Amino acid sequence: MFKMEPEEKFMEMAIEEAKKSAEEGNYALGCIVVKDGELISVGHNKTKTEIDPTLHGEIDAIRKACRKLNSGYLQGCILYTTLEPCPMCTSTAIWAKMKGIVFGAFKEDAQKNQGEKFSWRQIDISSREIIKKGEPKLELKEGFMRDECIKLFNLTK
């Protein structure tokens, strides 16, 4: 079975997207979609500015990737995200038949560092648990560049 080899340059791109998100007044969460070492799309959280509870950064990046590749399936694509994806976003990656997910900070990091600012995370199920029960089985890399991603919590107002 192929194993993902996450690249720092891609997580750094996701971190830059998270900074843009915070500058716009949203949660400092950024994501990108990569296929075969090529950037396909970028996205960041827009739940506050678009007044849309579903417009998480992962959803933004996945939607853009689907449009760019003209497909609802993103086989071979990897989602990089600065924070462990919620159940909705993890499930979307599975439904899109992505290859895998690479995330930085864990949801517990957000809760520990932000408390009430991250009270929106209301379904306490890890990405690992969802992937374990989903099909296809996505590869998962947890805690990649975690320290750099944890620093983003300070940007959320």
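His-56 sits in the loop between strand 2 and helix 2. Helices here are DSSP runs of H or I with at least four residues, strands are runs of E with at least two, and both are numbered from the N terminus. Is His-56 buried or exposed? His-56 is buried, with a relative accessible area of 13%; buried means under 20%, exposed means over 50%, and partly exposed lies in between, using a 1.4 Å probe and protein chains only. Leaving aside residues up to four places away in sequence, His-56 touches His-44, Asn-45, Thr-47, Cys-86, Met-88 and Cys-89, where a contact means heavy atoms within 4.5 Å.

Before we go on, please keep in mind that this is a predicted model: local features need pLDDT of at least 70, side-chain atom pairs count only at pLDDT 80 or more, and totals for chains, interfaces and linings use all residues. Residues are numbered from 1 along each chain as its sequence is written, and side-chain values use heavy atoms, with hydrogens and water left out.

## The overall picture

The protein has six helices and five strands. Along the sequence they follow the pattern α-β-β-α-β-α-β-α-α-β-α. Its radius of gyration is 14 Å, close to the 15 Å that the globule rule gives for 157 residues, so the protein is as compact as a globular protein of that length. This radius is taken over C-alpha atoms, and the rule is 2.2 Å times the number of residues to the power 0.38. The C-alpha trace spans about 40 × 30 × 30 Å along the principal axes.

Of the 157 residues, 52% count as buried. Among contacts between residues at least 6 apart in sequence, 62% join residues at least 24 apart.

## A hairpin

Now look at strand 1 (residues 30-35) and strand 2 (residues 38-44), which run antiparallel and are joined by six bridges. Two strands pair if DSSP finds at least two bridges between them. Together these strands form a hairpin with two residues between them, and Asp-36 in the turn has a positive phi of about 50 degrees. Ile-32 stands opposite Val-42 in strand 2.

## Two cores

Ile-32 also appears in the largest nonpolar core, which has 23 residues. A nonpolar core is a set of buried Ala, Val, Leu, Ile, Met, Phe, Trp, Tyr and Cys residues joined through side-chain atoms within 4.5 Å. Which residues have the most contacts inside this core? They are Met-11, Ile-15, Ile-32, Tyr-80, Leu-83, Val-102 and Phe-144. The elements that give two or more residues to the core are helix 1 (8-23), strand 1, strand 3 (77-83) and strand 4 (100-105). Helix 1 gives the most, with six residues.

Val-102 has partners from several parts of the sequence, including Met-4, Met-11, Tyr-80 and Phe-144. A second, separate core of 18 residues includes Val-33, Ile-62, Ala-65 and Ala-93.

## An enclosed helix

Ala-93 belongs to helix 3 as well. Seven of the nine residues of helix 3 (residues 87-95) are buried, so this helix is largely enclosed by the rest of the structure. What covers its buried residues includes helix 2, strand 4 and helix 5. Just after helix 3, Lys-97 takes a positive phi of about 60 degrees.

## Cysteines without a bond

How many disulfides does the structure hold? It holds zero, a disulfide being a pair of cysteine sulfur atoms within 2.5 Å. For Cys-66, the closest cysteine sulfur is in Cys-77, 8.3 Å away, which is too far for a bond. Cys-66 is buried with a relative accessible area of 18%, and Cys-77 is buried with 0%.

## Backbone details in loops

Two loop residues other than glycine have a positive phi, and their burial can be read in the table.

| Residue | Phi | Loop | Relative accessible area |
|---|---|---|---|
| Ile-51 | about 50 degrees | between strand 2 and helix 2 (57-69) | 74%, exposed |
| Met-145 | near 55 degrees | between strand 5 and helix 6 (146-150) | 11%, buried |

Another loop holds a cis peptide bond, which joins Glu-135 and Pro-136 with omega of about 5 degrees. Pro-136 is found in the loop between helix 5 (127-133) and strand 5 (139-141).
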